[in-house]
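Here are some notes to help you find your way around a structure you have not met before. Please keep the viewer open and look up each part as you read.

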Amino acid sequence: MQAQFLDSLAPFAWPLESSDLAVACGRVADHRESLLPAERLALADVGTVRADAYSSGRRVAHEALRGINIDGCAVGKHGRVPVWPSGVVGSITHSRALAIAVVARRKRFAALGVDVEPFGRISRRVAERVLSERERSRLVDDSWRTLLFSAKEAVYKALNPLTGEFLAFRDVEIVHGDGRFTARTTRPCASTAAIAAGEGFFLAAYDHWLTLFVCRSGAAVLPASAASDASGETAPTRSDRVA
Ligand SMILES: CC(C)(COP(=O)(O)OP(=O)(O)OC[C@H]1O[C@@H](n2cnc3c(N)ncnc32)[C@H](O)[C@@H]1OP(=O)(O)O)[C@@H](O)C(=O)NCCC(=O)NCCS
């Protein structure tokens, strides 16, 4: 995995070997000067906090794209779902402090989802809503509530652009191991097989949980529409965002 760490951030690594995959990480600040003309359109009528998050996300997305030898391409949006250059899949995340993007060639990866959450983001009360009883019974410590929440968001960000399907937090269950996790759906849905075949990774860095969920290309388990996306050049077509 190619990796770029901006703004003097210490390097981290997920154990995922592929020269067709790249990550970039930077601090959230006003990076509007990094935006390409097509990306600036999204800034009309947004406040400073959103402009910082958006511009920082696009900045690390450009860096990650350079890691797979793509330069000067805008990352568009459909609803809020990022639209990547043809032949590429990717994902963006930002907290108040950090922005991370992961990109890959579609010939190797059909879907990627990345998420970052500050330690302690998920209270016990929220955990009761977003985690199953079994998930809560396996927590290593209270901070892992946030880790499991983040893993679910990474799964959603990988699968939603492929399937257009909304998944609630209780629709997906996470089983964590040592730096890795797997996910399964708790009801049959379009994403069930792809989620079961996906691979999750997590680590702690900069007082945040960082999670990544990937589905490799060529998996027969992908839904029909997703399989054609994975082999072709089409962009994601649906966004199902909840507040
Ligand atoms: C979409 C969602 C996961 C984004 O998470 P978030 O914590 O709000 O924000 P993050 O900073 O991590 O990620 C935001 C980025 O995700 C990307 N994104 C937004 N919606 C997306 C979607 N539907 N699919 C993939 N990526 C999406 C965008 O790039 C966005 O940044 P940008 O608007 O600056 O381009 C969240 O808002 C959501 O709707 N969650 C509900 C569904 C869910 O998570 N279910 C879990 C069970 S699987």
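The points below go from the whole chain to its parts, ending with a single residue.

1. Please bear in mind throughout that this is a predicted model. The chain has seven helices and eleven strands. Of its 243 residues, 43% are buried. Taking the contacts with a separation of 6 or more, 60% are between residues 24 or more positions apart.

2. A good place to begin is the interior. The largest nonpolar core holds 57 residues, and A64, I100, V103 and V155 have the most contacts inside it. Helix α5 gives the most to this core, with eleven residues. V103 is worth a closer look: beyond its neighbours within four places in sequence, V103 is in contact with A22, A64, L65, I68, W84, V88 and G90.

3. Next comes helix α2, which covers residues 48–67. Its 20 residues reach 29 Å from the first C-alpha to the last, close to the 28 Å expected at 1.5 Å a residue. Is this helix mostly covered, or mostly open? It is mostly covered, as 14 of the 20 residues in α2 are buried. After the helix, look for N69, which has a positive phi near 65°.

4. Now turn to the ligand. It is surrounded by 27 residues, and the closest are R80, I92, T93, Y156 and L167. Which element supplies the largest share of this shell? That is α5, with seven residues. Four elements each supply at least two residues of the shell, namely α2, β4 (81–83), β5 (88–94) and α5 (144–163). By character, the shell divides into twelve nonpolar, six polar and nine charged residues.

5. Strand β5 deserves its own point. Seven of its seven residues are buried. V88, G90, I92 and H94 point one way from the strand, while V89, S91 and T93 point the other way. Two of the residues closest to the ligand, I92 and T93, therefore sit on opposite sides of β5, and both are buried.

6. The partner of β5 is strand β6 (residues 98–105), and the two pair in the antiparallel sense over seven bridges. They form a hairpin with three residues between them. To see the pairing in the viewer, find V89, whose bridge partner in β6 is A104.

7. Strand β11 (residues 208–216) is another part to visit. Why is β11 described as largely enclosed by the rest of the structure? Eight of its nine residues are buried, so the strand is largely enclosed. β11 runs antiparallel to β7 (residues 109–118), joined by nine bridges, with A111 and C215 as one of the bridge pairs. Strand β10 (residues 199–205) also runs antiparallel to β11, over seven bridges, and here F202 stands opposite T211. β10 and β11 form a hairpin with two residues between them, and Y206 in the turn has a positive phi of about 55°.

8. Finally, try following one residue, L21, in strand β2 (residues 21–27). L21 counts as buried because it has 25 C-beta neighbours inside 10 Å. Apart from its neighbours within four places in sequence, L21 is in contact with M1, L16, A104 and F109. A104 is the β6 residue that bridges to V89. L21 and A64 are 43 residues apart along the chain, with 8.5 Å between their C-alpha atoms.

How values were computed
Residues are numbered from 1 along each chain as its sequence is written. This is a predicted model: local features need pLDDT of at least 70, side-chain atom pairs count only at pLDDT 80 or more; totals for chains, interfaces and linings use all residues. A residue is buried if 20 or more other C-beta atoms lie within 10 Å of its own, exposed if 12 or fewer, and partly exposed in between; C-beta atoms are placed from the backbone. Two residues are in contact if their C-beta atoms, placed from the backbone, lie within 7 Å. A residue is near a molecule or strand if its C-beta atom, placed from the backbone, lies within 6 Å of it. Ala, Val, Leu, Ile, Met, Phe, Trp, Tyr, Cys and Pro count as nonpolar, Asp, Glu, Lys and Arg as charged, and the others, Gly among them, as polar. The expected span of a helix is 1.5 Å times one less than its number of residues. A nonpolar core is a set of buried Ala, Val, Leu, Ile, Met, Phe, Trp, Tyr and Cys residues joined through C-beta atoms within 7 Å. Two strands pair if DSSP finds at least two bridges between them.
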